[in-house]
Every structure is written in C-alpha cells, then in structure tokens.
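Open the model in your viewer and keep the selection panel at hand. The tour goes from one residue to a pocket.

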Amino acid sequence: MRPSIHVVESDAEYEAALSVRFRVFVEEQNVPEDLEVDEYEADCVHFVAYIDDEAVGAARLRPLDDERAKVERVAVLEPYRGNGLGFELMACVESEAHARGYNHLILNSQVHAKPFYERLGYLQQGDEFEEAGIPHVKMDKLF
C-alpha cells in the first residue's frame with residue numbers, strides 16, 4: 001500500500017511523528033532521550049508518513065534563514081525500510097521546502113545513510129563528525 005505523507009497539522013499527528021522518531025533514534029540507535037526532542041521543535045515544520053493508519057515515518061524541516069533550511073530527524077521504522085518510503089518522505093520535505101521559498105537544504109546524515117542522500121542529489125561538505133555518539137557527515141543540496 002502507498003504511504004500517506006504530509007505536513008503535521010494536529011497534536012495527534014505530531015505525537016505520531018515523535019513516536020516514530022523515538023522508536024528509531026532512542027530505542028533502536030540509543031540516542032539519549034533528552035537530545036531527541038530539542039529547543040527547535042516549535043520552529044520546525046514536521047512531517048509524518050502513514051501506512052494503514054500506522055505512523056511509519058517522520059521528518060522535520062527547520063528554517064535557518066530566508067533561503068536555507070535544515071532537514072532533520074528523518075526516520076522510517078525498520079519494517080518499512082528499503083521500499084522507497086524514505087525517498088517519498090524526502091520528496092515531501094523537499095516539495096514543502098521549495099513551496100516555502102527555500103533554495104538550499106542542509107542536513108547531517110548518519111554515515112551509513114550517506115548513499116541514500118547522495119541518490120537524492122545531496123553532496124557531502126567537510127569531514128566526518130560525531131553527533132549523539134553516531135558518525136555523521138554534513139550534506140547539502142541547492143534547488
């Protein structure tokens with residue numbers, strides 16, 4: 001079944017997106033709980049992906065300035081990975097970013113996910129670094 005992916009519009013959808021993020025980052029990857037929800041939550045545009053009324057993916061877009069935004073907290077539950085859901089989720093994020101006038105997206109990719117973002121046109125900027133105990137690389141994409 002095709003996912004339904006959209007901008008979060010209610011508290012229930014936000015909680016569903018958070019649930020996905022916690023399952024992936026806190027439970028699966030051992031990111032400290034206090035790092036997962038941060039001071040930028042209220043400033044972000046949040047996204048949630050559903051399949052059969054189950055939240056299975058999430059992401060957020062954080063404005064940086066008039067032209068740049070940062071893609072963060074991209075997560076897909078393990079049983080739904082490898083089937084294109086991540087690409088569809090990112091297409092929704094990028095479409096919303098473009099509609100809001102951003103022409104430059106930045107993200108910090110976990111090293112293992114770098115090839116995924118490269119297939120979407122993101123380029124690595126700089127050296128590997130650690131974030132929440134996980135190796136990352138900074139990547140960006142111009143529209």
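Leaving aside neighbours within four places in sequence, which residues is Arg-73 in contact with? Select Arg-73 in this predicted model. Its contacts beyond those neighbours are Arg-21, Phe-25, Leu-35, Glu-36, Asp-38, Ala-58, Ala-59 and Arg-60. Color the strands next: Arg-73 is found in β4.

Now show the surface. Is Arg-73 buried or exposed? Its relative accessible area is 18%. Arg-73 counts as buried because that value falls under the 20% cut-off.

Zoom in on the side chain of Arg-73. One of its polar atoms lies 3.0 Å from the backbone oxygen of Leu-35. Then pick the backbone oxygen of Glu-36, which is 3.1 Å from a polar side-chain atom of Arg-73.

Next stop: the largest pocket. Its volume is about 930 Å³. Select its lining, 39 residues. Which of them lie nearest the centre? They are Phe-25, Val-74, Ala-75, Gln-110 and Tyr-117. Phe-25 is also on the contact list of Arg-73.

Color the lining by class. You should see 18 nonpolar, 10 polar and 11 charged residues.

Finally, color by element. Which one supplies the largest share of the lining? That is β4, with seven residues. Helices that each supply at least two lining residues are α1 (11-28), α2 (33-36), α3 (85-99) and α4 (114-119). Strands that do so are β3 (54-63), β4 (68-76), β5 (104-110) and β7 (134-142). End on β4, the strand that holds Arg-73.

Methods. Residues numbered from 1 in each chain as written. Predicted model: local features only at pLDDT ≥ 70, side-chain atom pairs only at ≥ 80, totals over all residues. Heavy atoms only, no water. 1 Å grid on protein atoms, 1.4 Å probe; cavity = no way out; pocket = protein on both sides within 12 Å on 5 of 7 lines; lining within 4 Å. Points joined across faces, edges and corners; volume = space filled by probe spheres on them. Helix = DSSP H or I, 4+ residues; strand = E, 2+ residues; numbered from the N terminus. Nonpolar A, V, L, I, M, F, W, Y, C, P; charged D, E, K, R; others polar. Buried < 20%, exposed > 50% of the residue type's maximum accessible area, 1.4 Å probe, protein only. Polar contact = N/O pair within 3.5 Å; in protein donor to acceptor, adjacent residues only side chain to side chain. Contact = heavy atoms within 4.5 Å.
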